[in-house]
Amino acid sequence: MVWTSKDGVWVAVLWVLGYAAAMQWQWPLLTIWAGIACAAAALAVLVLRLPQHRLIAAALIAAAACCYYADTDRRNVTALPAAAAAAVSGSEVTVAGTLVTPVAVDGDRASFQLRVSQMEGAAAETPPGERMQVNLRLLSPEEQTAAASWRRGDRLSLRGVVQEPAAARNFGGFDYRRYLRQQEIHWLLTAKGTEQVNHTPPAALYAGGGMQQLSDRLLRGSDELRSFLGGRIDMLFTAAHAGFMKSMLIGLTDDMDPDRYVQFSNLGLTHILAISGLNVAVFIGVLIWILKRLGLAKETYLLITALLLPFYILITGASPSIVRAGLMTMIGLFAVRKNREKDVLQIACLVGWALLLWNPYYLLDVSFQLSFLVTLGLIVGVPRVTLLLPVKNALLRNTLAITIVSQLASFPVSIYYFNQFSLLSWLANAVLVPVFSLVIFPAGLIAMITGLLFAPAGRTVAWVTERVNEMVFGVVQWLDQWEGFQTIWPSPSLLWMLMYFSLLALLCLSLQKYLKMRDEGSGAGPMLHIPVNNQSPGLSPSLAMVIREDSRHGTAAGALSAARPAHEGNFIRASSLKSGFFSDVSTSESEYLAGDSELKGIRHSRCFLHDKPFVVYLNRSFKNGFGIRKYAAVSAILALCWLALLFYGYTPDRWDRTAYVDMIDVGQGDSILIRSPERKFILVDGGGTVTFGKGGEEWKQRRDPFEVGKKLLVPLLKKRGVHQLDAVILTHADQDHSGGLQAVLDGIPVKQFIFNGTYKHNGQIEKLYRSAMDKNIPLLAASYGKSLQIGHDTRIDFLSPNFSPYIEQPRDTNETHVQKEPDTAGKELADSSFQDLREDSKESVLLSSEQNGYSVAFLMTILGTRWLFTGDMELDAERSVLDSLQNHTKKYVQSAPAGSSSADIGKTAPIDVLKVAHHGSKTSTSEQWLEYWNPRWAIISAGVNNRYKHPSEDVMNRLEQHGIAAYRTDLSGEIQLIIRKNEIFARTKFARDPIPVFP
């Protein structure tokens, strides 16, 4: 068995495939012993060189990987026995253990991980080595300072409530439980105040401490060094730049400006901020440059650089991406010392395989995936793409090749996790990455090192670096303003990503083959080989006579001019010879791929002319003329298939005529996404986080607090491929309905914004409305009698608020919404005219701090089903709507001409689904309301264990008495209703199978 350079690549690929298979199928037989047996069998097959040994070995290696991952995942469970785990969950316990991560202090919260050595409380048994995620609420600035002083390796004892981490409550939402499980953490401990925390420094090193104690002490030293360097960067750089430089130089992201991070993220530049292979490359570049200037030999400075890389990995946090880049670079440096540069691909794959063997969950880490994909793409793709680019300048050609390959390689993973891609990302990376690599990072590194030796000199270099930073920040901010270049992509399937890379690879190979054949065949044609005394200096007299003779008769026009001057070795070019030239040639034999030494492998025909032998030689280009056209056609087809794949991936549900109503679980709030059969999207409310801040508690404010719209709602909308919202309906201005909409306006294009026609004076609502006007989004006031038509099968009729006499209703010119009857006074159902509330509008807005009574309520008809949405309307608003509907019905009956039918809004036919008002509060959903609408099904949005005890027991009893089945987000998570023609199916996050509501 001979190990080749490709074997390492195939082992890594097969190992990844085995892991992927294990994620799909959890079979009991996939054990570590089965994996060892498969690996041993693979080795035996290769050594014995059995028939088809490579194919059999490949299958066995993949099977071994599958067994290894399945066994690792099966053993990733809590150390607590099942009975003890059930008793612990939700109980108050006292735990003691060792800090295994730095303490992150953000406002009034400190978070860290604890390796538990002792637990007292509901579980009598102590879980040895069980790791817990601890969230500690701080009660004063003094506690904030105390928590920030704790270090990795310290001993802590504290009392708190232990529970399982929360699972994702929405389809496609972030799963915190899964995230912690991949770190082998199964419990979350929440505590309050540091007074009950007993803190002691770590014990001194002793012989029996083992590797764990040594590792803790090493990482503690790394944390202290990083903290010291972070303090020095704070001293050298101003506050506006220190967070950026710390993130880039040593991986400390705590002080990074969240808004700036979003700008970099929108342009695909987050790899600049996160420590990754790019940082390693710049670091070793600067280091090698310095060592060269010191006059060190190549072998010496390569060795020094490789030995210093582990130190750099430690001070930058040792994330999977930096470990991968550091290890691969170290091995690469040693390979260069041994003149083994050609093995770089195998080195990268073997490093990846080793990391996956160490921790199989690295495969699920987005930074690991992006890092390896881009690295492998650069190794394999850049040399090929460089040959395809028609650019003469070598530096520009290489820069373009690196940008193109890195963007293409990272694109599928980026849209899978982040669901967005800026068309300006190519330009931003091509322009700004060189500035970062050649100027900012080296200058920041020099400033930090110089500042350690002589602070004034460090501040001078830092000042220069800040000027370049400001230029980069300005360019990023300017590019980020071009919102039209930001595209939103739903998360693709694994099959789509495999097809993407496969088509891309085939297209690259086809283009490479096409260009190679084209270059070889430029200007070449058939050749005449005329042996004369075993030599071929030129045409024989007899053949020259024939050419001249036939030229006179036009049978070989131009042949003489082609034959006379053209010499190429032993061949004479005759590219313009007509087929008629050989019409009188007697051919004694015709053969291809002759055995002659000079013609071996060359397509030719041996003929006799006037008893003189000659050969018609078709060179490779000429014989492959059809091949050139073939590869050109293949390349064009592959390019079209690749573009078609992108087109499909951008909107995979383009031809799906199913409608959806998704009640998103936003906690104690409302947010409902409606998708029409024509793929039009309406968002009703955006949830919101209610805060109760007081004066003098500014220290509690967090740098990047959880905000429902930014952290939950917008990512979900993007993941579901919502490219734009055709309408946003804000039922009323309370925080739990409006708070998340600011992030929606900032992150997703909106065509129109519908609200209740009132204004609640507070800064958040003012900013929201001003943002809508700045983006030229029409602000439209809803009221009783107006309607909104979305496509052919979706109609919305507004029932509340009912103060239409105060609102003028001129005709709206918006072609997709206006359906105004010619002889109405603005109160009939068919009137869908909305007034755009801009500065030149004459429409008045009612100021009201009380918003529930003015909630927007509407009846929606979609694919033959009827839905009622109610916001937070209360009993008075319900009575007002019922009065208006009854008056309208009476008026219609009195004035309707013979043979006309009643409008939908006046009917009392049962509705299919009722959105229960005000999260199920007892101040709404009266008996009269339920009797009038007679819904078949009800949905309620309420937070888990909310402080208001919603939904009310009275409301739930009324629903039960009327035989109305109710689903609640606090119990079921997100509620997704699937609508087909006259049919509704329901599924919830915690009961996945669709349930028919009614046929």
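User: Let's start with strand 15: which residue there is the bridge partner of M663?

Analyst: It's I672. A bridge is read off DSSP, and two strands pair if DSSP finds at least two bridges between them. Strands here are DSSP runs of E with at least two residues, helices are runs of H or I with at least four, and both are numbered from the N terminus. Strand 14 (residues 659–663) and strand 15 (residues 672–675) pass that test, pairing in the antiparallel sense over four bridges. Keep in mind that this is a predicted model, with local features needing pLDDT of at least 70, side-chain atom pairs counting only at pLDDT 80 or more, and totals for chains, interfaces and linings using all residues. Residues are numbered from 1 along each chain as its sequence is written, and side-chain values use heavy atoms, with hydrogens and water left out.

User: Which other strand pairs with strand 14, and in what sense?

Analyst: Strand 29 (residues 975–980) does, in the antiparallel sense and over five bridges. There, D662 stands opposite Q976. Strand 14 is also mostly covered, with four of its five residues buried. Buried means under 20% relative accessible area, exposed means over 50%, and partly exposed is in between, using a 1.4 Å probe and protein chains only.

User: How do I read a whole sheet, say the one whose order runs 21-22-24-25-26-27-28?

Analyst: Read the order as a list of neighbours. This one is an open sheet of seven strands with mixed pairing. Strand 21 (787–790) and strand 28 (965–968) are the edges, each with a single partner strand, so one side of each has no neighbour in the sheet. On average, neighbouring strands are turned by 20° against each other, direction ignored.

User: What does the mixed pairing look like, starting with strands 22 and 24?

Analyst: Strand 22 (residues 794–800) and strand 24 (residues 857–862) pair in the antiparallel sense over six bridges, and T794 has I862 as its bridge partner. Strands 26 and 27, in contrast, pair in the parallel sense over three bridges, with L914 bridging to A938. Look at both faces of strand 27 (residues 937–940) as well: W937 and I939 are buried on one side, A938 and I940 on the other.

User: After strand 26, where does S921 lie, and is it buried or exposed?

Analyst: S921 is in the loop between strand 26 (913–915) and helix 29 (927–933). At 7% relative accessibility, S921 counts as buried. Contact means heavy atoms within 4.5 Å. Leaving aside neighbours within four places in sequence, S921 is in contact with H950, S952 and V955.

User: How do I check the length of helix 11?

Analyst: Multiply 1.5 Å by one less than the number of residues to get the expected span. For the 17 residues of helix 11 (residues 277–293) that gives 24 Å, and the end C-alpha atoms are 24 Å apart, which agrees. Among its buried residues are V280, F283, I284 and L287. Just after helix 11, G295 takes a positive phi of about 80°.

User: What about the aromatic pairs: how many does a search of the whole structure find?

Analyst: It finds 38. Rings of Phe, Tyr and Trp (its six-membered ring) pair if their centres lie within 6.5 Å; planes under 30 degrees apart count as stacked, over 60 as edge-to-face and the rest as tilted. Y176 and Y179 have ring centres 6.3 Å apart and planes at 20°, so the pair is stacked. Both lie in helix 6 (residues 176–181), three residues apart, about one turn of the helix. At 23% relative accessibility Y176 counts as partly exposed, and at 41% so does Y179.

User: And F368 with F372: what kind of pair is that?

Analyst: That pair is tilted, at 4.7 Å centre to centre and 45° between the planes. The two are four residues apart in helix 15 (residues 366–388), about one helical turn. An α-helix has 3.6 residues a turn, so residues three or four places apart point the same way. F368 and F372 are both buried. Elsewhere, ring pairs link a cluster that includes F411, W426, W489 and Y650.

User: Which residues have the most contacts inside the largest nonpolar core?

Analyst: F244 and F441, in a core of 88 residues. Such a core is a set of buried Ala, Val, Leu, Ile, Met, Phe, Trp, Tyr and Cys residues joined through side-chain atoms within 4.5 Å. Leaving aside neighbours within four places in sequence, F244 is in contact with M256, F264, L273, I440, N469 and F473. Apart from this core lies another, of 33 residues, among them V666, L725, L768 and I777.

Notes. Axes are lines fitted to C-alpha atoms, for helices over the stretch in contact, and angles run from 0 to 180 degrees between N-to-C directions.
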